Each structure stands twice: as structure tokens, then as C-alpha cells.
Amino acid sequence: MERSLAASLNPTRRDAGVSSPVSPSLLDERFDHDSCGVGFVASVEALPSHVILEQALTALGRLAHRGATAADGKSSDGVGVMTAIPRSLLVKSANLSLGDRQLLGVGMLLIPMAETRAEEVLGRCLLSHDFEILCWRDVPVRTEYLGETALETMPKIRQVLIVDGADAEPETMERRLYLARKQFERAHEQGDVTGYVCSMSSQTIVYKAMCTGVFLRDFYPDLASEDYVTPFAVFHQRYATNTLPTWHRAQPGRKLGHNGEINTVWGNRARMDARDSTLPVECKPVLTKDGTDSTSLDEAVELLSQNGRTLAEAVRMLLPPATDGHHESSFEIPHGLC
């Protein structure tokens with residue numbers, strides 16, 4: 001409807017070969033809408049298995065109608081899966097020896113082919129937060145499953161395996177990994193390094209790419225390994241409209257797999273910017289420049305959940321209830337969330 005209305009009111013005529021002065025278009029990328037596909041598979045007993053991942057990848061492969069495929073037939077707007085850390089797979093592939101109770105953190109990085117500073121910069125960030133780097137791992141990939149569009153922009157895909165030198169609790173380690181990543185992002189903003197950290201956590205990991213959903217497990221042989229077990233898997237097929245498809249914009253994010261547009265995203269970002277001076281430097285940058293609305297939501301959830309709120313509280317604080325504005329509703333906001 002929007003496009004047909006714009007076409008009918010735009011005075012530029014091409015059908016009759018007549019050219020008149022071009023007027024500003026009614027189309028505005030801020031009001032474009034998408035229809036991504038998202039879902040999850042989980043064990044209610046929290047029992048890890050490879051079947052969970054297989055089922056999630058099968059479902060992802062059946063979401064082609066909720067995404068976009070390039071003319072080359074293999075490139076997409078982005079697909080991905082978030083799971084628990086595949087500890088046994090990574091320990092075996094890197095030939096490591098870890099105690100059963102020793103936490104393993106993993107960073108998944110997308111690094112431009114010409115970038116040579118990323119590993120050193122991130123290494124310094126991790127060391128400054130008392131982490132020990134066990135090794136860097138080149139993630140196995142099969143580029144024959146990428147289309148021409150995806151292959152032209154494909155970054156280096158590397159993992160950094162980390163243990164906690166301070167022997168902290170899982171929640172404490174998670175927050176320090178978050179702060180180390182923020183330190184890397186500040187270096188990125190200052191122009192000292194390029195690259196994108198898809199995830200850096202002792203709890204979750206994100207594999208994403210610009211192949212089609214049916215090829216994700218073929219592109220990443222890790223995902224086809226029987227040693228890859230997880231109690232849950234969140235999957236996402238992106239349909240890009242208001243931002244161009246890129247490797248780093250594929251989902252899931254670090255906390256969420258998000259479907260749909262946020263109508264108030266510009267106002268939300270402006271309010272976050274207004275609060276910037278009240279936020280600690282160690283948590284900045286809060287929002288990624290030129291990020292999607294899903295990215296901004298994911299980063300706001302992460303800010304709250306890494307600074308005193310539970311993940312459920314963070315989501316609840318950021319998503320207004322459907323009953324908002326209806327005073328006859330009996331819905332009440334818990335005092336702890338005000």
C-alpha cells in the first residue's frame with residue numbers, strides 16, 4: 001500500500017518516456033517493515049543433546065519464506081543459531097585439558113580479511129579483566145555453500161577460548177566478559193581496530209552467516225558434529241529492509257532473537273542517548289552506530305541484565321504491556337521493576 005501510494009503521488013513519469021522534476025519520495029527507510037523468522041527448541045529438563053540442535057537447524061531450513069535469497073541462490077540476508085557452549089567439541093578440537101568444574105568462555109569473532117590487530121587488542125582487553133587465553137581457533141567453514149554475494153564480503157571467523165584466572169562464579173565471569181568486550185568496542189569506536197564480536201560468554205555462543213538456512217550446518221561443520229550438544233537452540237532467519245544485509249547484522253544477537261520492527265526505535269535511542277552521561281564508561285558504547293532496531297533492543301537488554309537485573313526483568317522493563325493506557329485493566333507493574 002505504501003509503495004503504490006508513493007508511486008501514484010510521485011510526479012516523475014517514466015511510462016510515457018516523459019521526465020519531470022523529481023520530487024522527494026514518500027518512501028522512508030525508517031518506516032520499512034520486515035518479517036523475520038525466529039524460533040527455538042529446548043529441553044524442559046535442560047538436558048543437552050545433539051538432537052536439540054538438529055531440530056533447530058531443520059526448522060531454520062524451513063524458514064526460507066520468512067527471509068530473502070539473493071540472485072545467486074545461496075546468499076541470504078543472514079541466518080544464525082544461538083546455543084549453549086559446546087564444551088566437549090571445542091576442548092577436543094583444540095586438544096585442551098580442562099577440569100570438569102572449570103568454566104570455559106568462548107568469543108566468536110568476525111574479523112575483516114585485512115585486519116591484523118583484532119586478536120592482539122581483544123587479548124589485551126581480556127587480560128586486563130584477569131582472563132587467561134587458552135588458544136585462538138579458526139572456525140572450520142565450507143565456502144562452497146556460500147553464494148557469490150556472501151563470499152565477497154566473508155570475514156575471517158575465529159574463536160578465542162578463555163578461562164577465568166580469578167576463579168570467579170559464573171555470573172561474575174559473565175559480566176567481566178561483557179566488560180572486556182565493551183573495552184574492545186571502545187577501541188573499535190576510536191579507530192584502533194575493526195571486527196565484530198558475535199558473542200563472548202561462558203554460557204552461550206552464536207554461529208551466524210549469510211548463507212541460506214538449509215546450508216548453515218553445511219557451512220559450519222561444527223554444527224553437524226555429534227559432539228555439539230546443547231539444552232537449547234535459538235534460530236533466526238533475517239529479512240532485511242531498513243538496513244543492508246551484512247554478516248554482523250545476522251541474528252540471533254547476544255541475548256535475543258528478535259522478529260519485527262520497533263515503531264518507536266528512534267525515540268527510544270534518543271532517550272538512551274539522553275541518559276548517556278549517567279552511565280558508567282565501562283558499559284559504553286551502549287548502542288552500536290548504524291545498528292538495526294533488533295541490535296539496539298538486544299544491547300539495551302544486555303545493559304540491564306549485566307548490571308543488576310535478571311534477563312526476564314530486563315525484557316519486561318523494555319517491552320510495554322499491551323494493556324498500557326487502559327486504566328480499567330487490572331495489570332500491575334511490580335514495584336521492583338519501576
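**Exercise 1. Helix α6**

Work out whether the end-to-end distance of helix α6 (residues 170-189) agrees or disagrees with the span expected at 1.5 Å a residue, then state where its buried residues pack.

Solution. The model is predicted.
- Step 1: α6 has 20 residues, and the expected span counts one less than that number at 1.5 Å each, so it should cover 28 Å.
- Step 2: The C-alpha atoms at its two ends lie 29 Å apart, which agrees with the expected value.
- Step 3: List the buried residues, taking buried as under 20% relative accessible area. Among them are Met173, Leu177, Leu179, Phe184 and Ala187, and also the charged-type names Glu174, Arg176, Arg181, Lys182 and Glu185.
- Step 4: These buried residues pack against the strands β3, β4, β5 and β6 (196-201), and against the helices α4 (118-127) and α9 (293-305).
- Step 5: Just past the helix, Gly191 has a positive phi of about 85 degrees.

**Exercise 2. The strands around β5 and β3**

Identify which strands pair with β5 (residues 156-164), and in what sense. Then follow β3 to β6.

Solution.
- Step 1: Strand β3 (residues 105-111) is antiparallel to β5, with seven bridges between them. One pair of bridge partners is Val106 with Leu161 of β5.
- Step 2: Strand β4 (residues 131-138) also runs antiparallel to β5 over seven bridges. Here Asp138 has Arg158 of β5 as its bridge partner.
- Step 3: β3 pairs with β6 as well, in the antiparallel sense, over five bridges. Leu110 is matched with Tyr196 in β6.
- Step 4: Check burial. In β5, eight of the nine residues are buried, so the cut-off of under 20% relative accessible area leaves the strand mostly covered. In β6, six of the six residues are buried, so the rest of the structure largely encloses that strand.

**Exercise 3. The open sheet and helix α2**

Give the strand order of the open sheet of four strands, and describe how helix α2 sits on it.

Solution.
- Step 1: The order is β1-β8-β2-β7, with antiparallel pairing.
- Step 2: β1 and β7 (204-211) are the edge strands, each pairing on one side only.
- Step 3: Ignoring direction, neighbouring strands in this sheet are turned by 15 degrees against each other on average.
- Step 4: Between β2 and β7 there are seven bridges in the antiparallel sense, and Ser75 stands opposite Cys211 of β7.
- Step 5: α2 packs on the sheet and touches β1, β2 and β8; its direction makes about 15 degrees with that of β8.
- Step 6: α2 (residues 50-61) has 12 residues and extends 17 Å between its first and last C-alpha, close to the expected 16 Å.
- Step 7: Its buried residues are His50, Ile52, Leu53, Ala56, Leu57, Leu60 and Gly61. They pack against β1 (37-42), β2 (75-84) and β8 (232-237), and also against helix α7 (216-219).
- Step 8: At the N-terminal end, Ser49 acts as the cap, with a side-chain oxygen 3.5 Å from the backbone nitrogen of Val51.

**Exercise 4. The whole chain**

State how many helices and strands the protein has, and what share of its residues is buried.

Solution.
- Step 1: The protein contains 10 helices and eight strands.
- Step 2: Of its 338 residues, 46% count as buried.
- Step 3: Among contacts with a separation of 6 or more, 76% join residues 24 or more positions apart.
- Step 4: The accessible surface is about 17,700 Å², and carbon and sulfur atoms hold 54% of that area.

Note on methods. Residues are numbered from 1 along each chain as its sequence is written. This is a predicted model: local features need pLDDT of at least 70, side-chain atom pairs count only at pLDDT 80 or more; totals for chains, interfaces and linings use all residues. Side-chain values use heavy atoms; hydrogens and water are left out. Buried means under 20% relative accessible area, exposed over 50%, partly exposed in between (1.4 Å probe, protein chains only). Two strands pair if DSSP finds at least two bridges between them. Contact means heavy atoms within 4.5 Å. A polar contact is a pair of N or O atoms within 3.5 Å; within protein, one must be able to donate a hydrogen and the other to accept it, and residues adjacent in sequence count only if both atoms are side-chain atoms. Accessible areas come from the Shrake-Rupley method with a 1.4 Å probe; for residues, only the protein chains shown count as cover. Axes are lines fitted to C-alpha atoms, for helices over the stretch in contact, and angles run from 0 to 180 degrees between N-to-C directions.
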